[in-house]
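I opened this model to look up charged pairs and surface patches. My entries follow in the order I made them.

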Amino acid sequence: MAKARTGFSSGIMAAIRRRRPMIAGVADEIRRGKIVIASYNIHKCVGTDGCFDPSRICEVIAQFSADIVALQEADQRFGERAGLLDLERLKRECSLVSVPVTGFSEKGHGWHGNVLLLREGAVQEVRQLKLPGVEPRGALVVDLELAAGPLRIIAAHLGLLRHSRAKQAESIIAAVADAAPRPTILIGDLNEWRTGQGSSLRFLTPIFDHGHATVASFPSRFPILPLDRVMGYPKDIVTAVEVHDSPLARIASDHLPIKAYIDLSIAAAARETPEERRDEIEAAVGPLPDGPAAHETDA
């Protein structure tokens, strides 16, 4: 146990030493022509001051002006599992609409707390993945048709245990390997600060580079750990990543939101078949499990 604690502390210290300065803002020319996608763990709308205040979360979402937003912990975890946000307000003030999913209850917003908000575009398919692990976890796989082209979003919230995260990463890769190829973004609170071989996210290789463009987002008052991630396939479609840091964001949740700038114009259409891509992945990481259990909904 002492060795485990020492390893954990060493990992935290290494993350602090590698802490990269947060980008205060991205120049207008970087945003021009790009899709802006954000991830935000809203901590069930409970801020660092201990107050439950969904209104603050809506205000922070309005601040970072994203085209697509992946939220985590947007529902109650127990009981009625009711959604915690005012989706009508987000639609009215931010022009963001929730992608429809089959929730755990009629009052729920998302799938295992995952919600995907979209400003414009057509939803072609939604898959709700059950991820393995000690804690109940899930991911949304949403195929979109945007003005700039097709895009797949995998919005996930991985577990607290390293072994569970590794299995969840494998399941996500299996789902990607079996799907029709298209530009893909994996985004969410992946609960991993390591970026090297010790990272539980190494199983995302070779499709996603888990060490690419990491920024510190947790804890919100003094962010040192890159728990919230965005990864692209192909990698080059993610042109910049930044943390949205504002006085309100530091109070509204224990995570800061992250934003990524996506350029679909440089994503040449993938020509490999799912079988060829699965063979490539298994050649790099070994045999993959079958794709995770999924509920499919027509959108």
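Entry 1. Is E93 buried, partly exposed or exposed? I note before answering that the model is predicted. E93 has a relative accessibility of 47% and counts as partly exposed. The cut-off for exposed is over 50%, so E93 at 47% does not pass it.

I then looked up the partner of E93. E93 makes a salt bridge with R89, and the closest N and O atoms are 3.1 Å apart. Both residues sit in helix α4, four residues apart, which is about one turn of the helix. R89 has a relative accessibility of 16% and counts as buried. I wrote this pair down as a partly exposed E93 with a buried R89.

Entry 2. I searched the whole structure for salt bridges and got 13. Side chains of opposite charge can pair when their charged atoms come close.

Entry 3. Which residue does K44 pair with in a salt bridge? The partner of K44 is E73, with the closest N and O atoms 3.3 Å apart. K44 is in the loop between β1 (35-41) and α3 (54-64), while E73 is in the loop between β2 (68-72) and α4 (87-94), so this salt bridge ties together parts that are 29 residues apart in sequence. I checked the cover on each side chain. K44 is partly exposed, at a relative accessible area of 26%. E73 is buried, at 16%. Buried means under 20%, so E73 falls below the cut-off at 16%.

Entry 4. I went on to R56. The side chain of R56 meets that of D49 in a salt bridge, at 2.8 Å from N to O. R56 is buried, with a relative accessibility of 11%. D49 is partly exposed, with a relative accessible area of 38%. I also found D53 here: D49, D53 and R56 are linked in a network of salt bridges.

Entry 5. I turned from charges to nonpolar side chains. Which residues form a nonpolar patch on the surface? They are V134, L160 and L161, and together they have about 320 Å² of accessible area. I looked up L161 on its own. L161 is found in the loop between β7 (149-157) and α5 (162-178). Its relative accessibility is 42%, and L161 therefore counts as partly exposed. A patch residue needs over 30%, so L161 meets that condition at 42%.

Key
Residues are numbered from 1 along each chain as its sequence is written. This is a predicted model: local features need pLDDT of at least 70, side-chain atom pairs count only at pLDDT 80 or more; totals for chains, interfaces and linings use all residues. Side-chain values use heavy atoms; hydrogens and water are left out. Patches are made of residues with over 30% relative accessible area and no salt bridge: like charges are joined within 9 Å, nonpolar side chains (Val, Leu, Ile, Met, Phe, Trp, Tyr) within 5 Å. Accessible areas come from the Shrake-Rupley method with a 1.4 Å probe; for residues, only the protein chains shown count as cover. A salt bridge is a side-chain nitrogen of Lys or Arg within 4 Å of a carboxyl oxygen of Asp or Glu. Helices (H or I, at least four residues) and strands (E, at least two) are DSSP runs, numbered from the N terminus. Buried means under 20% relative accessible area, exposed over 50%, partly exposed in between (1.4 Å probe, protein chains only).
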